[in-house]
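Visitor: I would like a close look at a single part of this protein, and then some sense of how the rest is built around it. Please take your time over the answer.

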Amino acid sequence: SCFLSVVAHEPWRTELWQHLGELAFLREQWDVAFERFGRAAEMNRNRQATWWPLAERFLAGGDPARAAACLDHLADVWAHLPEQWPKAFPIYLQAKQPERFLAWLEAALEQGQIDGKHWAEVVRFYEQAGLQEKARAALKHLGGELEEAERLRGLARQHLDRQEGAQALAVLQQVAHLSQNDPAYWILLGDANSFTGRLEDARLAFEKAASLNPHEFRAWFKLGNVRFRLRLLTEAEAAFRQAATLNESEPKIWYNLGCTQAEQARLVDARESFERVLKLDRRFAQAWNWLGIIHFNRKDTTMARHCYVRCVAINRKSGTGWHNLASLYTSMGRERDAAYCLAQSAKYGGAGAPDGLAPVKLFYDRDPREPVS
C-alpha cells in the first residue's frame, strides 16, 4: 500500500514499480507482476533487475524463447556483465538462439568494449552450441598463453571423444594453472576422471564446476551420474533435480532422475519421472521399458505389455526390452511368445533367461545433448 501511494504521485520511480512487481510475484499474481515490471522497463530498458525475474519466470514455465526475448533488452549492456554470461547463455541455447547472444559478445569484443581474454568464453559457448567452425574462428582472436591453453583444452576434448581418458588427463594437467576458475575445465577434468574410473576425483571436479557456475546444467547432470555410480543416491537425485530446474526440456535428465528413484524403490516417483520423459520424447525407448517394469511390479500386465511393446517397436535391438517382454509372457503362460522374445533378446545382447526383469542403466554420456542410443 505504501509503494502504491508513493508511485501514484511519483510514477517515474523505477525501483518502486520493480518492488511492486516482485510483491505480485510472491503472491503469484503473474499478470499484475508482468504489468508492473513492464512499467519499470519503460523507465529503464536496460535494467537487469527488471528483465531477469521475467526471464526466470518464463524459463520456469517452460518457455525459453520468451525468456530469451526478455534478456534481449539487455543487449546494450551485456558487454559490461561478463559475470552474467554463463547464466544467460544456457537460456539462449534452450531457445535455440545461441548465435544471437554470441553476435552481441563478438561485436563488443571487436569494438574493444570487453577485455580480449573473454574470447576464450566465446569459444567455449560456440563449442557448447555445436558450432565448431565459429569456435575455431573465435579462437584465433586469443593470443599467446591463452590461445595455447584453449588449444590444449580442445585437444583434451578430442581425446575424450575417442574415450581416451588417460591422454585427456595428461593434456589437462598442462593447463591446470590457467584454468582454476573455469567451469568448462572442471567439467572436462570430471569427464576424464570418470572415463578412467577415478569416480571420487570426478565427483569433486563436477562439484567444483557447479560451484563456479551454478547455472550450468551439464555440470549438475554429470555430477548426478557420478554420484549414482558412487551409490550416493540421495545426492544424485538432488543433482538431477537441480539440472532439471535449469533445463526442464531435456528428457535424459528426467530419465536419470527416474532411474535414481527406482534404485531407491520409490516407484511412484520414478513413474512420474519416466512419464515426464515421454511427454518430451515419445520415442525414448528406455523410458517405455522402465514404465513396463513398474506396471509389471504392480501386476498390471496389460499396461506392462503395452509399454514393453512400445519399447521394442521403437528400438528393435533393445535386448532388455525383449527380455522383459519374454518375462511377461512367461508369467502369462504364453510360452511360444516368450520363446520368440527370448530369442530376440539373446540376439541383441539381452539376458539369457526370463527369470527376472532387466532395467537399463543410466546414461553415462559426457553431454546430455547427445542423441539417445
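Visitor: Which residues in helix 6 are buried?

Guide: This is a predicted model, in which local features need pLDDT of at least 70 and side-chain atom pairs count only at pLDDT 80 or more, while totals for chains, interfaces and linings use all residues. Residues are numbered from 1 along each chain as its sequence is written, and side-chain values use heavy atoms, with hydrogens and water left out.

In helix 6, the buried residues are Trp85, Lys87, Ala88, Phe89, Pro90, Ile91, Tyr92, Leu93 and Gln94, where buried means under 20% relative accessible area, exposed over 50%, and partly exposed in between, with a 1.4 Å probe and protein chains only. Helix 6 spans residues 85-94 and is mostly covered, with 9 of its 10 residues buried; helices here are DSSP runs of H or I with at least four residues, strands are runs of E with at least two, and both are numbered from the N terminus. Helix 6 is followed by Lys96, which has a positive phi near 60°.

On the other side, Gln84 sits in the loop between helix 5 (64-71) and helix 6. Gln84 counts as buried because its relative accessible area is 16%. Between the C-alpha atoms of Gln84 and Asn213 the distance is 9.9 Å, although 129 residues separate the two in sequence.

For the wider setting, the protein chain has 21 helices and 0 strands, and 49% of its 373 residues count as buried. Its largest nonpolar core (a set of buried Ala, Val, Leu, Ile, Met, Phe, Trp, Tyr and Cys residues joined through side-chain atoms within 4.5 Å) has 67 residues, and those with the most contacts inside it are Leu172, Tyr255, Phe274 and Leu325. Apart from that core lies another, of 32 residues, and among them are Ile91, Leu93, Phe101 and Leu105. Ile91 and Leu93 thus bring us back to helix 6, where both are buried.

Contacts, meaning heavy atoms within 4.5 Å, also describe the chain as a whole: of those with a separation of 6 or more, 53% are between residues 24 or more positions apart.

A second buried site is found in helix 17 (residues 267-280), which contains Ser273. Ser273 is classed as buried because its relative accessible area is 4%. Beyond its neighbours within four places in sequence, Ser273 is in contact with Trp254, Leu257, Gly258 and Gln261.
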